[in-house]
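Hi,

Here is the structure I promised to pass on to you. Have a look at it first, then read my notes below and follow along on screen.

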Amino acid sequence: MNSGLKRLRQATYNTTFMYNVRMLIAFTGTAFVPYLLDYQLATIPLTLGVVAAAISDIDDRFSVRLLNLIYTYIGFFITAASVQLLFPYPIAFAIGLIASCIGWILLGSLGRRYATIAYGCLVISVYTMLGVDLFEEWYLQPALLVVGAAWYGLLSTISFLLFPVRQLQDQLAASYNALGGFLYAKSNLFDVDMTPSSYQQSMIDLSMENSKLIGLFNNLRVALLTRLKGDRGQKDTRRSLQYYFVAQDIHERADSAHIDYQKLTKVFQHSDILFRFQRILSIQGKACQDLAQSILSRTRYTHNKRFKHSFENLRLSLEKLRKDGLYDQVRINALFALYQNLKSIDAQLQNLETERNLVLDNAQQPEHQLKDDDLKGMKDIVVRIKQNLTPESVLFRHAIRLSIVLFIGYVFIQMTNIAYGYWILLTALFVCQPNFNATKRRLYLRIIGTLVGIIVGLAIIYFIPSLEGQLVMLVLSGILFFELRSKQYAQATAFITILALINFNLDGSAFAAGFPRFIDTIIGCALAWFGVSFIWPDWKFRRLPRSIRRALQAQCQYLAEVVTQYHQGRNNALNYRVVRRAAHNTDAEVASLISTLATEPNIDSTQKAQAFEFLCLSHTFLSYIAALGAHREQIQDQEVLDLLDQALDDIQGALLRDEVPDLSAQNMLQTIRQRLTQKESNENDQKSLIILQQLSLMLSILTRLSMLKQSLGHEPSEDGTEFASL
């Protein structure tokens with residue numbers, strides 16, 4: 001009995017399992033309730049309503065969740081009713097299609113909630129086109145679509161009430177899991193067998209892991225913020241907030257670079273010291289992933305006892321290196337600083353469970369607050385929409401592009417009267433993404449998935465002729481679609497195609513719709529490709545100059561805040577965390593842009609090589625700043641403070657104003673190196689040594705970073721010729 005209860009409890013901790021149970025109930029209801037009522041045709045809009053509602057589902061606190069559901073149902077009904085009423089009038093329908101597409105997409109500028117609801121409304125509009133002739137009454141299909149959406153909304157709300165912090169815990173666990181992956185990637189930089197090419201690849205891999213982690217941190221911050229607004233002292237929410245702050249601190253320390261790792265591996269190639277650092281980073285990565293598992297299973301995290309022994313051996317090895325005097329003491333000092341940083345990470349992990357009480361009792365302190373990016377009123381709404389009413393906005397470009405693609409598809413359908421032609425619009429809607437690479441990837445997967453889905457779906461209908469059996473397969477297909485849609489797009493497309501064919505078979509047209517659906521998919525994919533290639537093409541290299549400038553500006557702001565805290569004292573309040581997050585967000589954006597350059601046309605090999613070199617140097621520069629930030633506290637050495645101020649001014653001049661570093665910068669670098677040499681035996685001035693070492697590292701790559709920025713920073717011409725082929 002106890003073992004059975006334990007297994008049941010473990011099953012409820014499995015988010016994937018519980019989500020699949022929810023979808024099982026949802027699709028079973030839409031499939032079999034009409035069957036029992038002898039109104040099987042209603043299954044089609046009810047099922048499509050569930051699909052659209054699940055796509056539009058938003059994780060939020062209870063009161064806002066209810067508002068989201070109301071907005072969603074109103075939007076669904078207005079959209080579906082408009083399609084039904086305008087459908088007999090092609091000109092009015094075409095105008096409405098363009099206007100609604102632009103309007104819904106630009107609504108996304110107001111925030112994630114509105115973007116998700118808007119996308120669901122776009123999906124509902126095409127679903128309504130597919131079934132516009134199913135019912136005689138104009139209002140019946142819109143009403144059934146909303147009923148299907150409301151059925152799913154009821155199930156998702158019940159699930160939320162039963163497990164109110166489940167999605168928050170999932171995001172927290174995903175963040176710690178990605179943090180572990182970041183630490184693993186960082187450990188590869190201590191590989192003594194690295195070649196220059198493998199080092200660059202390791203830096204690229206680290207940047208990609210950092211980009212992934214920053215994205216998860218951003219999602220987690222939004223989830224925390226929305227729950228803290230409606231918090232009534234829930235310990236789980238405050239505990240998650242503390243975990244978030246600890247993860248951010250670990251990330252800043254893990255991302256720190258105290259020395260040039262490539263040179264370090266050559267200097268200590270025949271020593272065990274780098275292996276010891278690599279091992280500790282690896283087991284810290286494993287510890288973060290163990291912590292993620294503890295969060296999911298709601299068990300207490302136990303810190304690995306191996307850490308104490310590993311750190312003790314590392315300390316002894318460092319002291320031996322210092323006493324031997326065989327290596328440059330500047331490098332030994334940098335290794336000691338790295339050792340202290342890893343010890344701080346270890347302390348964070350070890351004390352995580354006890355430190356949560358700090359947030360529970362002091363949640364209103366400045367260091368425990370999050371920046372609220374939500375709308376503040378009508379003025380804020382107007383400002384955000386205006387900001388996106390420009391070709392510079394990716395959202396605006398996508399809105400215009402997708403509306404033109406859908407318009408062309410609609411005109412093609414009207415001119416050819418192609419069978420089941422509105423699948424063309426549905427395919428174009430799902431495949432056409434804001435950038436070329438995401439669209440290109442989906443094109444191939446959509447076509448393959450649709451072909452497989454048609455073959456398997458028709459086989460199911462042929463070999464399982466009974467209505468009951470087909471409804472069971474419809475339910476299973478719906479569950480598998482949602483299970484795979486964010487993991488395996490081709491497989492998910494296959495299952496949604498099977499669901500669609502079984503739906504069509506409810507009015508006896510599955511075999512007639514099979515081949516046309518495949519042809520429509522190819523046409524829709526071709527339209528999507530045409531859109532991203534010729535209608536305001538959003539090649540990522542076009543956005544690279546702006547992204548580079550934003551990234552370097554954010555890094556300079558981060559450095560300025562760090563320098564301020566060396567003058568005034570350590571402060572982890574909101575402003576510091578905002579500028580740090582901005583620096584990492586823009587760094588992640590640059591990494592994402594550059595990582596996909598190889599798949600884009602119109603970029604030469606020289607530009608590509610420079611872009612990847614910039615990615616490595618930019619992330620290295622950010623790591624040097626992060627090391628300064630990790631050790632920040634007020635110092636009294638006025639000469640070091642003056643050097644910090646001068647270095648900040650030179651760095652801002654080189655990276656923001658394209659000023660060529662002059663002799664003063666070179667003299668300052670020489671002064672710093674002399675100070676490092678003079679202080680090599682002064683153990684009471686470790687903070688100053690760390691600062692001087694980091695300044696030396698930043699200034700040593702400043703000239704090359706500035707040159708790459710200027711080389712890659714030329715804006716491509718925007719003369720409007722993208723529309724020439726239209």
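**What I found**

Let's start at Q269, which sits in the loop that links α11 (261-267) to α12 (273-297). Keep in mind that this is a predicted model. Is Q269 buried, partly exposed or exposed? Its relative accessibility is 33%, so Q269 counts as partly exposed. If you want a partner to look for, try F190: the two residues are 79 apart along the chain, and their C-alpha atoms are separated by 9.9 Å.

**The overall picture**

Now zoom out. The protein chain has 28 helices and zero strands. It runs to 726 residues, and 54% of them count as buried. Here's a nice one about how the chain folds back on itself: take the contacts with a separation of 6 or more, and 83% of them are between residues 24 or more positions apart.

I also looked for disulfides, and a search of the whole structure turned up zero. Two cysteines you can click on are C525 and C616. C525 is buried, with a relative accessible area of 3%, and C616 is buried too, at 10%.

**Helix α24 and its partners**

Here's some background before you rotate the view: two packed helices are described by the angle between their axes and the distance between the axes.

Take α9 (residues 196-229) and α24 (residues 574-595). Their axes come within 8 Å and cross at roughly 130°. That angle makes α9 oblique to α24, and the crossing is left-handed. Which residues of α9 meet α24? On the α9 side they are S207, M208, N210, S211, I214, N218 and R221. Facing them in α24 are R581, H584, N585, D587, A588, A591, S592 and S595. Sorted by class, this contact has four nonpolar, eight polar and three charged residues.

Helix α10 (residues 235-255) packs on α24 as well, at an angle of about 55° and with the axes 12 Å apart. So α10 and α24 are oblique to each other, and α10 passes α24 in a left-handed crossing. The α10 residues in this contact are F245, Q248, H251, E252 and D255, and the α24 residues are Y576, R577, R580 and H584. By class, the contact of α10 with α24 divides into two nonpolar, three polar and four charged residues.

Did you spot H584? It turns up in the contact of α24 with α9 and again in the contact with α10.

**Two buried residues to visit**

Next stop is H619, in helix α25 (residues 605-630). H619 is buried, with a relative accessible area of 0%. What does H619 touch, once you leave aside its neighbours within four places in sequence? The list is M203, L206, S207, N210, D255 and D587. Some of those names should ring a bell: S207, N210 and D587 are part of the contact between α9 and α24, and D255 belongs to the contact of α10 with α24.

Last one: T47, in helix α3 (residues 43-55). T47 is buried, again with a relative accessible area of 0%. Not counting residues up to four places away in sequence, T47 touches F27, T30, L474, L499 and N503. F27 is 20 residues away from T47 in sequence, and the two are 6.6 Å apart in space, C-alpha to C-alpha.

Have fun exploring!

Key: Residues are numbered from 1 along each chain as its sequence is written. This is a predicted model: local features need pLDDT of at least 70, side-chain atom pairs count only at pLDDT 80 or more; totals for chains, interfaces and linings use all residues. Side-chain values use heavy atoms; hydrogens and water are left out. A disulfide is a pair of cysteine sulfur atoms within 2.5 Å. Buried means under 20% relative accessible area, exposed over 50%, partly exposed in between (1.4 Å probe, protein chains only). Axes are lines fitted to C-alpha atoms, for helices over the stretch in contact, and angles run from 0 to 180 degrees between N-to-C directions. Helices (H or I, at least four residues) and strands (E, at least two) are DSSP runs, numbered from the N terminus. Angles under 35 degrees count as roughly parallel, over 145 as roughly antiparallel, 65 to 115 as roughly perpendicular and the rest as oblique. A crossing is left-handed if the near helix is turned anticlockwise from the far one by less than a right angle, and right-handed if clockwise. Contact means heavy atoms within 4.5 Å. Ala, Val, Leu, Ile, Met, Phe, Trp, Tyr, Cys and Pro count as nonpolar, Asp, Glu, Lys and Arg as charged, and the others, Gly among them, as polar.
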